[in-house]
Amino acid sequence: MSQLKTQSESPPDMASAPERDIIVWTESLLAAHRPYEASQYAQRLIERESGSAAGWRLLACALCELHDLDNGGRAVERALQLDPSEPLSHVALARIAHKRGHVAEAINILVSVVNQSGNDSDEAWFDLARMLMVAGDWNRLEDVVNRASCSDSVHMAIPRGRLLARTDATAAIDLWVGIVNDASQPMGLRWSVGFEAVRLLDRVGRYLEAYELARRLHSGSAVQPDVDALDADVQEQLRMITRLRAERGVRHPTNDLIGIGFVAGLPRSGTTLLEQMLDRHPAMVGIGEYEGINLMRGHLVSRGVWPGRLHELSNESIRELARSYAMGALARRSRKAKWVLDKSVATWCAMPAVATLLPGAAVVHIARDPRDAAISMFLSPLSPGSFGWNQDLTLIRRVISMERALMPAALE
């Protein structure tokens, strides 16, 4: 969970290492943007010591980063049952609330934490500043940055730079690039701050500098994306779609749980803007990038039916998975509406799952000009674990080609 830890040299022995060593190692994995591995260590710590509040908290943080908010929420509730006064568990609760779109609730939780914990709640200060920054609440953000006990910390550089950029873009860029050039700073921090500089350079028209800095940041990534595996999956889906066209007599149970809509497209294609526009209609409510699609597809993979054997699913299994998705979607509504809109970027490569499990769902495919989309993805801090292919324009081109082949066929 911690943004303040750097990774240790070697993992602890889970059988004999003190709990504190395992906690520090798991925190270092989270700081290094390795949430899946962090979740494994947290789960093993819980198996060893079920009453470990820190273990449940770390599991919640890892699941939050993996967008598994339902299980993450249950984990943080368990952590708070074991230790209700632990500030970091309340920070984890705020993060989950924020990812569910409950921004005001998340900010209120963090305000309570910093007021109660004072100088011992640096992470709460950092998260509060980040959430106010995302909300565009510049006056409160300035108060937080100036008031926080950690206001001089390099970890407050992003909100401090965002405030500075409103009046002096060059000074903000210099602040962030200085951190990128400081090899003593954690790589995760340099990566995050670096892409802040990339986006600001692009916004002020310093395009070549933005491109070169993005290229430099990508070159430092240890993630090697397996685009061949994604391509093989897409090709299998296309073959399955061809078979389905010949089986139009097949009928699946009707989904009458809720009106479900998807805004489908690659990252940086405009899904957020379109969701916000549609959310203005009283009959529709956006739920952001709900992790339900990934979880649904994961269940299909674990059952051995993805993607070529979806027809073997029983009606009972279809209803079970559909209900699980719908209940999670309902929990993310900020208000009641007839339709929920999911803009998960996983939708484009899970269309047969949508067709099989959520019949009647509406899908809007948004496709940005591929040249604009490619550059935007390259200049963006997409999660290396999920979108490592954005490190290279050639790989980005391959993925765009896959999406442009799969989506029309699936929708047709």
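## A buried threonine

A residue counts as buried when its relative accessible area is under 20%. Keep that cut-off in mind as you look around this predicted model. Take T347: its relative accessibility is 0%, so T347 counts as buried.

Where is T347 in the chain? You'll find T347 in a loop, the one that links β3 (339–342) to α17 (351–357). If you skip the neighbours within four places in sequence, the residues in contact with T347 are F262, A264, I293 and V354.

## A buried isoleucine

Now hop over to helix α6 (residues 103–117), which is home to I109. The relative accessible area of I109 is 16%, so I109 is buried too.

Which residues touch I109, leaving aside those within four places in sequence? They are H90, L93 and A94. As for G292, that residue sits 183 residues away from I109 in sequence, and the C-alpha to C-alpha distance between the two is 25 Å.

## Two helices side by side

To describe two packed helices, you give the angle between their axes and the distance between the axes. For helix α1 (residues 19–31) and helix α2 (residues 35–48), the angle is about 160° and the axes are 8 Å apart. An angle over 145 degrees counts as roughly antiparallel, so that is how α1 and α2 are arranged. Their crossing is left-handed.

Who makes the contact? On the α1 side it's E19, I22, I23, W25, T26, L29 and L30, while α2 brings P35, E37, A38, Y41, A42, L45 and R48. Sort the residues of this contact by type and you get 10 nonpolar, 1 polar and 3 charged.

Technical notes. Residues numbered from 1 in each chain as written. Predicted model: local features only at pLDDT ≥ 70, side-chain atom pairs only at ≥ 80, totals over all residues. Heavy atoms only, no water. Helix = DSSP H or I, 4+ residues; strand = E, 2+ residues; numbered from the N terminus. Buried < 20%, exposed > 50% of the residue type's maximum accessible area, 1.4 Å probe, protein only. Contact = heavy atoms within 4.5 Å. Axes fitted to C-alpha atoms, helices over the stretch in contact; angles between N-to-C directions. Parallel < 35°, antiparallel > 145°, perpendicular 65-115°, else oblique. Left-handed = near helix turned anticlockwise from the far one by under 90°. Nonpolar A, V, L, I, M, F, W, Y, C, P; charged D, E, K, R; others polar.
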